Amino acid sequence: MTTANSPTDPPREDVYDTIIIGAGMSGLAAGIRLAYFDQRVCILEKHYTIGGLNSFYRQNGRDYDVGLHAITNFTEKGSKKGPLAKLLRQLRFRWDDFQLSPAIGSAIRFPDVELNFGNDIKLLEADIAKQFPHQKDNFQKLLARLLDYDDLDEASFNISTRQVLEETITDPLLIEMLLCPLMWYGNARQQDMDFGQFCIMFRACYMEGFARPFKGVRLILKNLVRKFRGLGGELKLRSGVDRIHVEGDRAVGVVLDDGTEIRGKRILSSAGQIETMRLCDDITQVDVARAGQLSFIESISILDRQPKQIGFDRTILFYNDSPRFHWERPEDTLCDPRTGVVCSPNNYLYDDADGELPDGVIRLTTLANHDRWCGLSEEEYRRQKTIQYDEAIDAAVRFMPDFRRHVIDTDVFTPKTIRRFTWHDNGAIYGAPEKQLDGQTHLPNLFLCGTDQGFVGIVGAIVSGISMANRHCLTS
């Protein structure tokens, strides 16, 4: 392979302006942004479908979403501020293209205490004033500190969230309850959380809120792909990258699993920081200890009726079985059902024209140990999926109506599934704890986007792709 600037290069059209690794939300968004500026862009995806873990599939005549519980950062139509408005402008979508319906309302439930929240911070403020009256003023101080936080201040991103909260909130239980949804929805670090990540997720979940398209994640993905291809972008499925070829101090292209060589002026990778470094053929060893450890098991239960008909009207329920929130990989067991997330895609305020989803759905997520799941035989793996499904539901129904007699179909995915569709070490759902906020690597033309750049969730991933494309791929 010759370098991109070699006089023996073939004609310019055989060299892509940007090669993007991964057809998840961030990769597709970056591709669209660059294609608007007439770049020749190629997105390479290892799998047969798009979306990474935020994808969809069909089984037994039913459509299933995976990954997507909700789109965070929801704002109403016409809003000019916030990440959702930014991505619509930058990618030139209309608000109606995503067809977002807001959540009915969500809850945090610990033993004997419940906090409700929705797409307006006032509901959470009111419940905190009711359940923790002595913390009302302290919570307002926390809000003021969050509003003062500068997303561009990378120096303060990594300070301890627990330390900040303990300086502001004097009731330990309220601290744990506030952390629970935000860690579940975007924290790769065990027990504690980077303050910058906390601020991002607090705004995304508590100050803006949740929404979902009636047709699920497939609508968003299909719109992204349609836009990318309509602008002349190339998307290659079943095209896994075996290695990133480096000559001198620059990446000059990639070699696919089948040996095909593709050259580009720059590479943008959504594969994860550790995983991207492992692909570089100038690096002989990567520090695997820096990889994330937090992975999930998730079950999807199809009901014979709508969840509201059995008394469950929350969009998302975050629960924990003790006053201390458990946020760490289970070491001695396959799963840890002490804390979890229950989501019902039925419980959104869909348009009357859409009606209701055809099936009642309950999705239940708990923490899991990737290595233990991967160590099982195939027979034991199938058996344990059933066992862990039952144990997770046993734990969840202490905090919600018991729905088990209404279940007519199920499916379960584990850390092995997450590993297969994201290729993250340890099946780490949110990647590595140490984020590369500027997206830079050891090579001047190889950059990161997505989870390990620092943004999570559907909107966060899309904004990451846009931001990294703007910052690194449109300036040279």
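This briefing describes helix packing, cysteines, backbone angles and a few individual residues in the structure above. The model is predicted, and every value below is computed from it. Three helix pairs are described, namely α1 with α13, α6 with α7 and α4 with α7, and the structure holds zero disulfides.

**Helix α1 against helix α13**

- Helix α1, which covers residues 25-35, packs against helix α13, which covers residues 457-473, with the two axes 7 Å apart and at an angle of about 40°.
- An angle of that size falls outside the ranges for roughly parallel, roughly antiparallel and roughly perpendicular pairs, and α1 and α13 are therefore oblique to each other.
- The crossing that α1 and α13 make is right-handed.
- On the α1 side the contact is made by Met25, Ser26, Ala29, Ala30, Arg33 and Leu34, while α13 contributes Ile458, Ala461, Ile462, Gly465, Ile466, Ala469, Asn470 and Cys473.
- Sorted by class, the residues in the contact of α1 with α13 comprise 10 nonpolar, three polar and one charged.

**Helix α7 and its contacts with α6 and α4**

- Helix α6 (residues 172-184) and helix α7 (residues 195-208) cross at roughly 85°, and their axes come within 9 Å.
- Because angles of 65 to 115 degrees count as roughly perpendicular, α6 is placed roughly perpendicular to α7.
- From α6, the residues Met177, Leu178, Leu179, Pro181 and Leu182 take part in this contact, and from α7 the participants are Phe198, Met201, Phe202, Cys205 and Tyr206.
- The contact of α6 with α7 consists of 10 nonpolar residues, with no polar and no charged ones.
- Helix α4 also packs against α7, here at an angle of about 110° and with the axes 10 Å apart.
- The angle between α4 and α7 makes this pair roughly perpendicular as well, and α4 passes α7 in a left-handed crossing.
- In α4, the residues that meet α7 are Phe139, Leu142, Leu143, Arg145, Leu146 and Leu147, and their counterparts in α7 are Phe195, Phe198, Cys199, Phe202, Arg203 and Met207.
- The residues of the contact of α4 with α7 divide into 10 nonpolar and two charged, with no polar residue.
- Phe198 and Phe202 of α7 are listed both in the contact with α6 and in the contact with α4.

**Cysteines without disulfides**

- No disulfide is present anywhere in the structure, and two cysteines illustrate the separations involved.
- The cysteine sulfur closest to that of Cys180 belongs to Cys205 and lies 11 Å away, which is too far for a bond.
- Cys180 has 0% relative accessibility and therefore counts as buried.
- Cys374 is likewise in no disulfide, since its nearest cysteine sulfur, that of Cys335, is 12 Å away, whereas a disulfide needs the two sulfur atoms within 2.5 Å.
- Cys374 counts as partly exposed, at 36% relative accessibility.

**Positive phi angles in loops**

- Arg92, a residue other than glycine, has a positive phi near 60°.
- Arg92 is found in the loop between α2 (83-91) and β5 (100-102), and at 47% relative accessibility Arg92 counts as partly exposed.
- Arg238, although not a glycine, has a positive phi of about 50°.
- Arg238 is found in the loop that runs between β9 (234-236) and β10 (241-247), where its relative accessibility of 65% makes it count as exposed.

**Leu147 and Asp394**

- Leu147 is found in helix α4, which spans residues 136-148, and with a relative accessible area of 58% Leu147 is exposed.
- When its neighbours within four places in sequence are left aside, Leu147 is in contact with Arg203 and Met207, both of which are listed among the α7 residues that meet α4.
- Leu147 and Ala395 are 248 residues apart in sequence, and their C-alpha atoms are 36 Å apart in space.
- Asp394 lies in helix α11, which covers residues 378-396, and with a relative accessible area of 41% Asp394 is partly exposed.
- Asp394 and Pro102 are 292 residues apart along the chain, and 29 Å separates their C-alpha atoms.

Technical notes. Residues numbered from 1 in each chain as written. Predicted model: local features only at pLDDT ≥ 70, side-chain atom pairs only at ≥ 80, totals over all residues. Heavy atoms only, no water. Axes fitted to C-alpha atoms, helices over the stretch in contact; angles between N-to-C directions. Helix = DSSP H or I, 4+ residues; strand = E, 2+ residues; numbered from the N terminus. Parallel < 35°, antiparallel > 145°, perpendicular 65-115°, else oblique. Left-handed = near helix turned anticlockwise from the far one by under 90°. Contact = heavy atoms within 4.5 Å. Nonpolar A, V, L, I, M, F, W, Y, C, P; charged D, E, K, R; others polar. Buried < 20%, exposed > 50% of the residue type's maximum accessible area, 1.4 Å probe, protein only.
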